[in-house]
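Open the model in your viewer, keep the sequence panel beside it, and follow the stops below in order. At each stop, make the selection first and then read on.

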Amino acid sequence: MELYGYWRSSASYRARIALNFKQLDYNAIPVHLLKDGGQQHQQAYRQLNPNGLVPTLVDGQIILHQSLAIVDYLEEKYPEPSLLPATPRLRSAARALALDLASELQPLINLRVQKYLKEVLEVSDAQKQAWLDHWFKESFTAFEKNLEEIAGLYCVGDTFSMADVCLVPQVYSAQRFGIDLSAYPIMMAVYERLLELPWVAAAHPAKQADAES
Ligand SMILES: N[C@@H](CCC(=O)N[C@@H](CS)C(=O)NCC(=O)O)C(=O)O
């Protein structure tokens, strides 16, 4: 398998964690989101992923986009170890928490949104930071409330799941953007525990071949 991604991309980070968890070998192919006007926009890459976003997973003749669809594909093709908890209720909780981050929060803070704010709407740096602070706060406040009900060692009880696959990259990006995380003690305790897991540690952006200092 080939994973087209970018070291600092949260969606690529999700795919790496899932691949590592399932102990699947893959070749990482870097797509630099900032160089050459954004390599994600080049024609060769857009043939793989017409959205011009990373990640893309290529498995033989099969080309997959959307990190959560990639996680689902891996889960169906390689069911063990599973990224879903044991009961329908807990599986639904894991999917919901994953979607809260991947579908509600991340699209609002994505590179192309930040570029549009700066370059087209010409907001100031302070306004852009206010945008980021606002959406992270909205999302993480609700996430913390949900964790009060359902977290154990990890997001959903003591079972590593797709919710954790999404949490780690989102906290990483929050730290990158200087978000105050002090109001989310349960989330941060889960995050710190997740960082210790070998399949999560190996997926860290700093450990990727295309990482920059
Ligand atoms: N929902 C998509 C999101 C993909 C996405 O937004 N990727 C970002 C990096 S985290 C990207 O490629 N951004 C490039 C850009 O905004 O131009 C997924 O989960 O795969």
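**A tour around the ligand**

Begin by selecting Gln106 together with the ligand: in this predicted model, a polar side-chain atom of Gln106 lies 3.1 Å from an oxygen atom of the ligand. Add Asn110 to the selection, where a polar side-chain atom is placed 2.8 Å from a ligand oxygen atom. Then add Arg14, whose side chain has an N or O atom 3.0 Å from an oxygen atom of the ligand.

Now show the surface of the protein around the ligand, and consider how much of the ligand the protein buries. Taken alone, the ligand exposes 510 Å², and 92% of that is buried by the protein. The space that the ligand takes is the largest pocket.

Which elements give two or more residues to the shell around the ligand? Select helix H1 (10-21) and helix H5 (111-120), which are the elements that do so; H1 gives the most, with three residues.

Next, select the whole shell, in which 16 residues surround the ligand, the closest being Gln40, Val54, Gln66, Ser67 and Asn110. If you colour these residues by character, you will find six nonpolar, eight polar and two charged.

Finally, step back and select residues 87-213, the span at which UniProt, in an unreviewed entry, places the feature "domain: GST C-terminal". This span is 69% helix and 0% strand, and the C-alpha atoms at its ends lie 42 Å apart.

Technical notes: Residues numbered from 1 in each chain as written. Predicted model: local features only at pLDDT ≥ 70, side-chain atom pairs only at ≥ 80, totals over all residues. Heavy atoms only, no water. UniProt positions renumbered as here; feature names shortened; annotations may be inferred. Helix = DSSP H or I, 4+ residues; strand = E, 2+ residues; numbered from the N terminus. Near = heavy atom within 4 Å. Polar contact = N/O pair within 3.5 Å; in protein donor to acceptor, adjacent residues only side chain to side chain. Areas by Shrake-Rupley, 256 points an atom, 1.4 Å probe, with all protein chains shown as cover. 1 Å grid on protein atoms, 1.4 Å probe; cavity = no way out; pocket = protein on both sides within 12 Å on 5 of 7 lines; lining within 4 Å. Sits in = over half its atoms within 2 Å of the grid points. Nonpolar A, V, L, I, M, F, W, Y, C, P; charged D, E, K, R; others polar.
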